[in-house]
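Please examine the model below with attention to how its helices are arranged relative to one another. The discussion begins with one helix pair and then turns to the chain as a whole.

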Amino acid sequence: MHDSASTQLSLIRQLKFCAGHRLYRHESKCAFFHGHNYRVDIEVVAAGGGSEVDSVGRIVDFSMIKQRILAWLDAHWDHAFLIFEADTSALAAIRLVEPTKYFVMPYNPTAENMARYLLEAVAPGVLSDLGVVARRVAVWETDESCAVATLTGDGGGLHPPLASAVVIDDRCDP
Ligand SMILES: [Zn+2]
């Protein structure tokens, strides 16, 4: 039955950061340490869904999405190395160089898994008090290639534990 049309509003904010990684057990060059200028597109909807907007006509102000998600990216992934927890030699190597910043992931840091992590672990925590839900996260690894994670259902069961970046920096402030 489709006897009544309805509108679903969402908004998309783009964010950028730089990070290094390697893909554990990758069969080719992605097994080497390297980095990307990543772009994240995060799509949010009102927690109540539909076309719910505030008195100004917004789902939420774009600046709030930037503020929350970019703050997390800056603190945890920007200028860090993303390493799979099973990749023990990469972990040992990154701990040898100081100052250092790295982030241990529960799976390989592919664009797919990064999108999934942002959708499932990061967005619920940093957006919940804004009354919005992240419905889709795209992680662009290059201008041509992106991976997309999409929430299906209400996402109630998806709250994997959130990790923190490890930052070791003994440099004195000038
Ligand atoms: Zn890569």
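In this predicted model, helices α1 and α3 lie oblique to each other, because the angle between them is about 130° and angles over 145 degrees would be needed for a roughly antiparallel pair, while the roughly perpendicular range ends at 115. Helix α1 covers residues 62-76 and helix α3 covers residues 111-127. Their axes are 10 Å apart where the two helices pack. The crossing of α1 past α3 is right-handed.

The residues that form this contact can be located on both helices. On the α1 side they are R68, I69 and W72, and these meet V122, V126 and L127 of α3. Sorted by class, the contact between α1 and α3 comprises 5 nonpolar residues and 1 charged residue, with no polar residues. The charged residue is R68 of α1.

The helix pair belongs to a chain that contains 3 helices and 7 strands. Followed along the sequence, these elements occur in the order β-β-α-β-α-β-α-β-β-β. Two strands thus precede α1 in the pattern, and three strands follow α3.

Overall dimensions and contacts complete the description. The C-alpha trace of the chain spans about 60 × 45 × 30 Å along its principal axes. Of the 174 residues in the chain, 28% are buried. Among contacts in the chain with a separation of 6 or more, 66% are between residues 24 or more positions apart.

Terms used:
Residues numbered from 1 in each chain as written. Predicted model: local features only at pLDDT ≥ 70, side-chain atom pairs only at ≥ 80, totals over all residues. Axes fitted to C-alpha atoms, helices over the stretch in contact; angles between N-to-C directions. Helix = DSSP H or I, 4+ residues; strand = E, 2+ residues; numbered from the N terminus. Parallel < 35°, antiparallel > 145°, perpendicular 65-115°, else oblique. Left-handed = near helix turned anticlockwise from the far one by under 90°. Contact = placed C-beta atoms within 7 Å. Buried ≥ 20, exposed ≤ 12 C-beta atoms within 10 Å, placed from the backbone.
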